[in-house]
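User: Please take a close look at one part of this structure, the pairing of its strands. Begin at the end of the chain and work back, and add what lies around the strands where that helps.

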Amino acid sequence: MTARTESSAQGTLVIHSARIVSDGSSVDDGWVRFENGAVVARGTGSGWAPAETVVDAREAAGPGAILTPGFVDIHGHGGATAAFDDGVEAIRTARAMHRSHGTTRAVVSLITAALDQLAERIGMVADLMETDRDLLGSHLEGPFLDPGHKGAHDPELLRLPEAADVQRLLDAGRGTVRQVTLAPELPGGMEAIRLVVAAGAAAAVGHTDADDDTLREAFDAGATILTHAFNAMRPVHHRNPGPVLTAAHDERVTLEAIADNIHLHPHVIKLVFDEAPGRVALVTDAMAAAGAADGDYMLGSLRVTVLDGVARVESGSIAGSTLTQDVALRRAVEAGVPLPDVIDALTRTPARAIGVGDRLGALEPGKLGDAVLLTADLDVAVVWTGGALTR
């Protein structure tokens, strides 16, 4: 298999004269130095040393240019007409499109399928990670979901989280499964959470009818992510807070948010950030139509119709999104979220949520050289992955 995305570039790179937004802060007239694909130094002003490649951020992206860490998407299913479930070239096609929108690293989310198919796809992702270093592993969104909150998952393929089945899928990933979304109220749900955590993956609560007590038990069992907050779960009620508020009040939990103004109203986008500061991960939940035209697509075994950029299955349920992370960035800022908080939600927080925060999510020495140069209007101008120019 030929590598398509290398992990790092050899040589030295300096990007200077940018507003650097990273680690929850913003610094004007900043510079970052990369060597052999990693960040090695950072400062302000003209104190940077010569490098083989020098980029003046103002020349590349205009006045007010902004430099951020590379975006990390922990929940997406495809793009550019390609679904991650459809194999190696489909993953590469979709990733190339999302990378051009600033997403330098991503988890491959796999939709509900028969166990044999899922095990095969998980193994395929594990193999592909040996060459395509922008992949962070796989996310199993299903099949251990509540039928009453199935969303765009085939109800015929949903199943209870029996320990042997959960372990089989984890083993298929050979340590590369990063996240498993499940409904903890199902028989075997709590034990499944413990198995996922024991395997080194993040257990996520989603597509669930769990009440407050069940959610608390799930978080105590080790679940640390709430999958696409507000969607496919009980709503907030003044006498029954539901999963979102329970998760927001638990400092151990990261809340995924789809900031497309469809899954979440702008006021709700702001609400999530206000209720769970520092614990929001902006995800795309993108399906094959992201970066592509309206029309008919497949999401797993279900047919999806995309009209005006909104994807729905025949039942009317939203079927993922057509979102890219740069659009999520702009939507969240428009909703009133401060830019440093939004950048954290695209970088540091998702990286930490799946256990890769030691090498991704910030422009600081020792981290991989992933960076996005934005215009003052928050449009993507240049993207580097591992210090290599990828847009």
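Analyst: Two strands count as paired if DSSP finds at least two bridges between them. The model is predicted, and the pairs below are read from it.

β20 and β21 satisfy this rule, since two bridges join them in the antiparallel sense. The second strand, β21, covers residues 388–389. W384 has L389 of β21 opposite it. The hairpin of β20 and β21 has two residues between the strands, and G386 in this hairpin takes a positive phi near 60°.

β20 also pairs with β19. Strand β19, residues 371–374, runs antiparallel to β20 and is joined to it by four bridges. In this pair L373 stands opposite V382 of β20. Here the hairpin has five residues between the strands, and L378 is the residue with a positive phi, near 70°. Is β20 mostly covered or mostly open? Strand β20, residues 380–385, is mostly covered, with five of its six residues buried. Buried here stands for a relative accessible area under 20%.

The next sheet back along the chain has three strands. It is an open sheet in the order β16-β17-β18, with antiparallel pairing. β16 (295–299) and β18 (310–313) are at the edges with a single partner strand each, so one side of each has no neighbour in the sheet. On average, neighbouring strands of this sheet are turned by 35° against each other, with direction ignored. Within the sheet, β17 covers residues 302–307 and pairs with β18 over four bridges. One of the bridge partners can be named: L307 is matched by V310 in β18.

There is also an open sheet of eight strands, and its pairing is parallel. The order of strands is β6-β9-β10-β11-β12-β13-β14-β15. At the edges are β6 (71–73) and β15 (280–282); each has a single partner strand, so one side of each is left without a neighbour in the sheet. Both kinds of pairing, parallel and antiparallel, are made through backbone hydrogen bonds.

One pair in the eight-stranded sheet can be followed further. β9 and β10 run parallel and are joined by five bridges, with β10 covering residues 135–141. I111 stands opposite E141 of β10. Helix α2 lies across both β9 and β10, and runs at about 140° to β9.

What do α2 and β9 each supply to the largest cavity? Both α2 (88–100) and β9 (103–111) give at least two residues to its lining. The share from β9, three residues, is the largest. The cavity holds about 50 Å³ of space and has 13 lining residues, with D73, G76, F84, H98 and A106 nearest its centre. By class, the lining has four nonpolar, seven polar and two charged residues.

The second largest cavity holds about 40 Å³ of space. Among its lining residues are V72, L360 and D370. Its lining divides into five nonpolar residues, two polar and one charged. The structure has three cavities of 30 Å³ or more.

The loops that follow some of these strands have backbone details of their own. P143 is in the loop between β10 and α4 (163–172). The peptide bond from G142 to P143 is cis, and its omega is near 15°.

F230 is in the loop between β13 (225–226) and α7 (242–248). F230 has a positive phi, near 80°, and is not a glycine. Its relative accessible area is 26%, so F230 counts as partly exposed. D285 sits in the loop between β15 and β16. Phi of D285 is also positive, at about 50°, although D285 is not a glycine. Is D285 buried or exposed? D285 counts as buried because its relative accessibility is 6%, and the cut-off for buried is under 20%.

The largest pocket can be added as a last item. Its volume is about 230 Å³. The pocket is lined by 17 residues, and those nearest its centre are G151, A152, H207, H228 and I318. Of the lining residues, six are nonpolar, nine polar and two charged.

To return to the strands: β20 has antiparallel partners in β19 and β21, the sheet of β16, β17 and β18 is paired antiparallel, and the eight-stranded sheet is paired parallel.

Methods
Residues numbered from 1 in each chain as written. Predicted model: local features only at pLDDT ≥ 70, side-chain atom pairs only at ≥ 80, totals over all residues. Heavy atoms only, no water. 1 Å grid on protein atoms, 1.4 Å probe; cavity = no way out; pocket = protein on both sides within 12 Å on 5 of 7 lines; lining within 4 Å. Points joined across faces, edges and corners; volume = space filled by probe spheres on them. Nonpolar A, V, L, I, M, F, W, Y, C, P; charged D, E, K, R; others polar. Axes fitted to C-alpha atoms, helices over the stretch in contact; angles between N-to-C directions. Contact = heavy atoms within 4.5 Å. Buried < 20%, exposed > 50% of the residue type's maximum accessible area, 1.4 Å probe, protein only.
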